[in-house]
Amino acid sequence: MRLRLSCLPAFRGSLLLALACVARVAAAQPSLASEATFSPQLFHPAPGPTEFMTIEAARPLLHLQVAAGVSFDYARNPLAILTYSSRTQDPYGVKVFAQAHAISGEAWVALGLFDRAQLALSLPALLYGSGQSFDGDQPPPDGVHVRPPSGAALGDPRLHLKVRLYGKPRGFQVALSHWLSAPLGTANRFGGEPHWTGFAGEPRLLLEWIGSGRIRAGLSVGFHWRARPSTYYSAGANQAITYGAAVAVEVVLQRLQLIAELYGHHDFGARMDYTAASPLELDVAGRVQLGRGVALTVGVGVGVLEGVGAPRPR
């Protein structure tokens, strides 16, 4: 009996000590989410009439007119995160490029309806991506150890709908559009949103001005919603206000067009680092008409304001 009574408190004390040790180890583990279940890509070609690049034209395709396109781009340093202290969970302020190189592509096909509406389907993909790894200030296994995903990843397919509310062949055009993505891409590799729950979309208000000469201008304002936001250390993807403006000048009639675009967004993620929440990108390009209905566009871009997806350069 004495043995039992003396062993019970000893066992209880050992158990409490073990629980205390587990609690200390758990507290030392990083609590930062590290889901790469979003695409940092800012550049998405707008399906339909090719007045601009990423800024969607208010004018739809003509009735039963079919258009298709494919784009490729390379982005350097599109995704930067801040290193963290394993002990305090505070950012150092030292940047690490979780995605240092990204080669992306996107294909789309669109159909015009009744000279007023347009349906389109697009499929983005990360053809190749790589990033920098870093270790925190604590040794394994308690410290922060980041190994960004690399390689290729399929993006989430998008279904687009656009309806023109007002517009004539010349002057102002007003339209509403919305794209909806299905979480069918490669999750957790900077390709697509989380499987089964990661639906996303963006309603937009589109304004376009078609001049009597060779100048066109466009404006887009939208709200990018996500059913399941993602956080990757100090960066991520949450609900965001989107905006963009474009101007196109036809330098050589029906042969050469120059385009300039400025677009970005503001992410409302609660844990987002403020330097990553509001990317802004400037793109300039030239479009050459190769033949009837066939055109080639070549351009460059740069992140004016740093943030998720803003490259240096594209």
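# Exercises on a predicted model

In the protein chain of this predicted model, residues 24 or more positions apart account for 63% of the contacts with a separation of 6 or more. The chain has one helix and 16 strands, and buried residues make up 44% of its 314 residues. The accessible surface comes to about 16,100 Å², with 66% of that surface belonging to carbon and sulfur atoms.

## Exercise 1: a salt bridge across the sequence

Task: Work out which parts of the chain are tied together by the salt bridge of aspartate 73 with arginine 314, and state whether the two residues are buried or exposed.

Solution, step by step:

- Begin with the distance: the closest N and O atoms of aspartate 73 and arginine 314 are 2.7 Å apart, and a salt bridge requires a side-chain nitrogen of Lys or Arg within 4 Å of a carboxyl oxygen of Asp or Glu.
- Next, place the partners: because aspartate 73 lies in strand β1 (residues 66-84) and arginine 314 in the segment after β16 (294-305), the pair ties together parts that are 241 residues apart in sequence.
- Finally, consider accessibility: aspartate 73 and arginine 314 are both buried.
- For context, a search of the whole structure finds nine salt bridges.

## Exercise 2: two further glutamate-arginine pairs

Task: Decide, from relative accessibility, which residues of the pairs glutamate 193 with arginine 226 and glutamate 208 with arginine 216 are buried and which are partly exposed.

Solution, step by step:

- The side chains of glutamate 193 and arginine 226 meet in a salt bridge with an N to O distance of 3.0 Å. This pair links distant parts of the chain, with glutamate 193 in the loop between β8 (171-181) and β9 (200-210) and arginine 226 in strand β10 (residues 215-226), 33 residues apart.
- Buried means under 20% relative accessible area; glutamate 193, at 7%, is therefore buried, and arginine 226, at 11%, is buried too.
- In the second pair, the N to O distance between glutamate 208 and arginine 216 is 3.6 Å. Glutamate 208 has a relative accessible area of 1% and is buried, whereas arginine 216, at 23%, counts as partly exposed.
- The second pair also belongs to a network of salt bridges that links Glu51, Arg59, Glu208 and Arg216.

## Exercise 3: the surroundings of arginine 204

Task: Describe where arginine 204 sits, how accessible it is and what it contacts.

Solution, step by step:

- Arginine 204 is located in strand β9, and its relative accessibility of 16% makes it count as buried.
- Its side chain makes a polar contact of 3.1 Å with the side chain of glutamate 202.
- When neighbours within four places in sequence are left aside, the residues in contact with arginine 204 include Glu56, Trp179, Ser220 and Gly222.

## Exercise 4: the nonpolar cores

Task: Identify the residues with the most contacts inside the largest nonpolar core, and the elements that give two or more residues to that core.

Solution, step by step:

- The largest nonpolar core has 15 residues, and those with the most contacts inside it are Phe38, Leu79, Ile81 and Tyr232.
- The elements giving two or more residues to this core are β1, β2 (91-113) and β12 (235-237).
- A second, separate core of eleven residues includes Phe43, Met53, Tyr263 and Ala310.
- Isoleucine 81 can be followed outward: leaving aside neighbours within four places in sequence, its contacts include Val94, Val96, Phe134, Val146 and Tyr232.

## Exercise 5: an aromatic cluster

Task: Determine how the rings of Phe38, Phe190 and Tyr232 are arranged and which parts of the chain they join.

Solution, step by step:

- Two aromatic pairs are counted. Phenylalanine 38 and phenylalanine 190 form an edge-to-face pair, 5.6 Å centre to centre with 75 degrees between the planes.
- Since phenylalanine 38 lies in the loop between α1 (2-28) and β1 and phenylalanine 190 in the loop between β8 and β9, the pair ties together parts that are 152 residues apart in sequence.
- Phenylalanine 38 is buried at 0% relative accessible area, and phenylalanine 190, at 3%, counts as buried.
- The rings of phenylalanine 190 and tyrosine 232 have their centres 5.2 Å apart and their planes at 75 degrees, so this pair is edge-to-face. It links the loop between β8 and β9, which holds phenylalanine 190, with strand β11 (residues 230-232), which holds tyrosine 232, the two residues being 42 residues apart.
- Tyrosine 232, at 4% relative accessibility, counts as buried, and Phe38, Phe190 and Tyr232 form one aromatic cluster.

Methods:
Residues are numbered from 1 along each chain as its sequence is written. This is a predicted model: local features need pLDDT of at least 70, side-chain atom pairs count only at pLDDT 80 or more; totals for chains, interfaces and linings use all residues. Side-chain values use heavy atoms; hydrogens and water are left out. Helices (H or I, at least four residues) and strands (E, at least two) are DSSP runs, numbered from the N terminus. Buried means under 20% relative accessible area, exposed over 50%, partly exposed in between (1.4 Å probe, protein chains only). Contact means heavy atoms within 4.5 Å. Accessible areas come from the Shrake-Rupley method with a 1.4 Å probe; for residues, only the protein chains shown count as cover. A polar contact is a pair of N or O atoms within 3.5 Å; within protein, one must be able to donate a hydrogen and the other to accept it, and residues adjacent in sequence count only if both atoms are side-chain atoms. A nonpolar core is a set of buried Ala, Val, Leu, Ile, Met, Phe, Trp, Tyr and Cys residues joined through side-chain atoms within 4.5 Å. Rings of Phe, Tyr and Trp (its six-membered ring) pair if their centres lie within 6.5 Å; planes under 30 degrees apart count as stacked, over 60 as edge-to-face and the rest as tilted.
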